Every structure is written in C-alpha cells, then in structure tokens.
Amino acid sequence: NPTPLQSFSLSGCSIAGALPAELSNLANLRHLDLSSNPGLTGSLPAALAALSFLQTLDVSGCGVGGTLPAAYAALQQLRTFRAANSSISGQLPGSWGLLQSLQVLDLSNAQLTGSIPAAWYDSAARTAEARALLLSIRNSQAAQQQITTAAGSAAASTSLQAAEAPLPPVSPAAVHALAQAAAASSKPSMALGLTQLQELRLAGNRLAGGISGIELLEALRVLELSGNSLGGQLPPKLAMLSKLQELRLRSTNLTGPLPDSFARLTQLKALDLAGNNITGTLPEIWVGLTQLRTLDLASNMLSGVLPLLWGRLGAPTHSLQLLLLGDNPCMDPAALASSIQQSGILSSGRVRVEASSAATRECTARPP
C-alpha cells in the first residue's frame, strides 16, 4: 500500500550518494526538499514523474547533474521546482511548457545551454510537445503491458526489458490533461501552458538565442536571466508583463535603446540592465515608474544626461532608493553630474545616485 507521507525534507542533512528513483514509491508525496546536500549526486530520476500529487521539488545546492527529464511535464500539480547551484546541464525541455500549475522555476547557476524553448510561450509548439510526450507515454504503457503479458516467457521478457527504458507510470489525470493539450489546435481553451508562472530564474547559465516571446508569460513577477549570452536588442514587448516586479538582465549582451514602453511596468521595483551595450539616452517617460526602488544602468553605452523630470523620482510619491549610472563612457561626467544636481533628485536625501566618471571601456556609440 502507498505510504501516506506527504512532506519529506532532508535539507542540509549531509546526505550523499545518488538520488534514489525509489522516491517515486511515495505515491502521496506533495513536497520533496533535498536542498543543500552537495554530496547528493547522480541525475534527476525520470521515475519521479509518477508522483502525480507533487507540488514542490527542491534540489538546490546539491551535486545533482544530468539533464532535466522531459517526463516531468506529467507533474501537473507541480508549483515550485528549484535546482539552483547544481550541475544540471543540457537544454531546457520544451515539454515543461505544459506545466500548468508551475509558479516558481529556479535553475540559477547551473550548466544549462541552448535557448528558452518556444513551447514555453508558443501554443503551436506547445501542442506539438504534448503530442510527442503523449505518444511516448502510450508507447511506454504498451511496452509495459507486453512485458506483463510475456512474463511467462523468459526470452520474450528479456527482449522487451532490453529495449529502451520505458517512461515512468503517469497518472490518468496527467494523461487526460496532455491529451487535451494535444488536441488544443481544435480546442484552444484546453491548452496547457505556463499560465501560472510567477518567478523564472535562469541566471548564471550558458543560454543564448534572445528573449523574444517571454512577454507572453503574462503572470511573471520575477524574470532573472543575468549572466547568459542572450544577445539581441532589449525587447520593448517586455512591457506586456504588467505584473513584473523584478527584471534582471545584467551582462546578457543586450544592445539597443532603453524602451519608452517600459514606463508601463508600473509594478516594477528592481531593474538591472548593467553590463550590456545599451545605447541612447535615459527616457524621460520612465519618471512614471513610481514603485521602482533600484535602477542599475551601469557599464553600458548610454549617452546624454539625467532628464530634468527624473528629479521627481526623489519625491515622496516615488520609491527610488538607488540609481547606478557609473561606467557609461559615452556620458560626459561633468554634464551628468550637473544634471543630477539640477534635477533635484538628491534633495530628499532618500535617493543615492552613483555616477562614477571612471570608465572601464571606450565609448563605441558616441552620438553624432
């Protein structure tokens, strides 16, 4: 009989060895926390996809490696998955775009490569992933049935077991949800998707390929992609993420200007765009970001001075506490310092502005 255990935590208990696939026998498990055990190694067992009630899985700070199992898309109750500071490598599975309950995904400081899958935000790609996974599940179920039927024949059983390892058992509810998603081209309202995703933390990996399409993850409150080689221009469409509170894109090889459209991110509290090659001037319209507390634009190729209207960022109606503009070699230090004083942004004493004249790079985007 299945154990009634629903929550299992061994965080920071100095456990070692491979992550056991036998954890999948805890059929009623809802929360599994194995974080902060660097001696815990091996790969994430695909068998855990059988834990149909699982809501939290945390292996952050462990020595777990290997790739992210595509079969975890069957975990339709999963709300939080954390594997930060791990050795997980490979690409992000497109099938994870089917995790309709997922709210927090933290894979920071791992060894991930590739790009953010189109199936995470594109309905057509997501439908294709659902069909592929559903086919794999059904083929696996058929193979398991053959093994059971052929149990009396040693030769037949051995032949089937030597074939490709089957997927773990998946709950009927998950199969039903995937079947609906596979038919979503005719019934869009049944499509699964990352509609509940609020935190996406992928900083410190080796991802590339830009971030176009992420604006369709409308529930996002935290988007952290710093330290990846994303490239491309800073997408103005990110302003579609109206619930966004933290946007961190430090050192991601971004170019282009600061979009005026970001003024629509009225819930934004922290914006970090430091260490890129962003050009142009500071948008006056950003004065409407009343909730913004930290704005880091250091180490870019910005030009011009502080807009006079930005003085309002220091008013009681606004929340700004820290503005970083240092190491922008296309800005004239004297003119910038003068504009900061003239704006009155410092008059309240609440806002700290750092605009060091020391530059680590030469200006490559000097205005005509």
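This is a short walk through one protein model, from its overall build to its cysteines, its cores and one serine.

Keep in mind that the model is predicted.

Overall build, then. We have four helices and 18 strands. The chain runs to 368 residues, and 47% of them count as buried. Look at the contacts between residues with a separation of 6 or more: 62% of those come from residues 24 or more positions apart. On the outside, the protein exposes about 16,200 Å². Carbon and sulfur atoms supply 51% of that area.

Now the cysteines. How many disulfides does the structure hold? One. The bond joins Cys-330 to Cys-363, with 2.0 Å from S to S. Where do the two partners sit? Cys-330 is in the loop between β17 (322-324) and α4 (333-343), while Cys-363 is in the segment after β18 (352-354), so the disulfide ties together parts that are 33 residues apart in sequence. What about its hand? The torsion about the S-S bond is about 100°, so this disulfide is right-handed.

Are those two cysteines buried or exposed? Cys-330 has 7% relative accessibility, so it counts as buried. Cys-363 comes in at 19%. The cut-off for buried is under 20%, so Cys-363 is buried as well.

Two further cysteines to mention. Cys-62 is buried, at 4% relative accessible area. Cys-13 is partly exposed, at 43%.

Next, the cores. In soluble globular proteins, nonpolar side chains tend to be buried together. Here, the largest nonpolar core has 82 residues. Which members touch the most others? Phe-81 and Leu-223. Take Leu-223, and set aside its neighbours within four places in sequence. Its contacts include Leu-200, Ile-214, Leu-238, Leu-241, Leu-244 and Leu-247. Glu-246 and Arg-248 are in contact with Leu-223 too. Apart from that largest core lies another, of eight residues. Among them are Leu-98, Ala-130, Leu-133 and Leu-134.

Last stop, Ser-101. Find this serine in the loop between β7 (89-91) and β8 (104-106). What does Ser-101 touch, not counting residues up to four places away in sequence? Gln-76, Gln-77, Leu-78, Arg-79 and Gln-196. With Gln-76 there is a polar pair: a polar atom of the Ser-101 side chain lies 2.7 Å from the backbone oxygen of Gln-76. Now compare sequence and space. Ser-101 and Leu-197 are 96 residues apart along the chain, yet their C-alpha atoms are separated by 7.6 Å.

How values were computed. Residues are numbered from 1 along each chain as its sequence is written. This is a predicted model: local features need pLDDT of at least 70, side-chain atom pairs count only at pLDDT 80 or more; totals for chains, interfaces and linings use all residues. Side-chain values use heavy atoms; hydrogens and water are left out. A disulfide is a pair of cysteine sulfur atoms within 2.5 Å. Helices (H or I, at least four residues) and strands (E, at least two) are DSSP runs, numbered from the N terminus. Buried means under 20% relative accessible area, exposed over 50%, partly exposed in between (1.4 Å probe, protein chains only). Contact means heavy atoms within 4.5 Å. Accessible areas come from the Shrake-Rupley method with a 1.4 Å probe; for residues, only the protein chains shown count as cover. A nonpolar core is a set of buried Ala, Val, Leu, Ile, Met, Phe, Trp, Tyr and Cys residues joined through side-chain atoms within 4.5 Å. A polar contact is a pair of N or O atoms within 3.5 Å; within protein, one must be able to donate a hydrogen and the other to accept it, and residues adjacent in sequence count only if both atoms are side-chain atoms.
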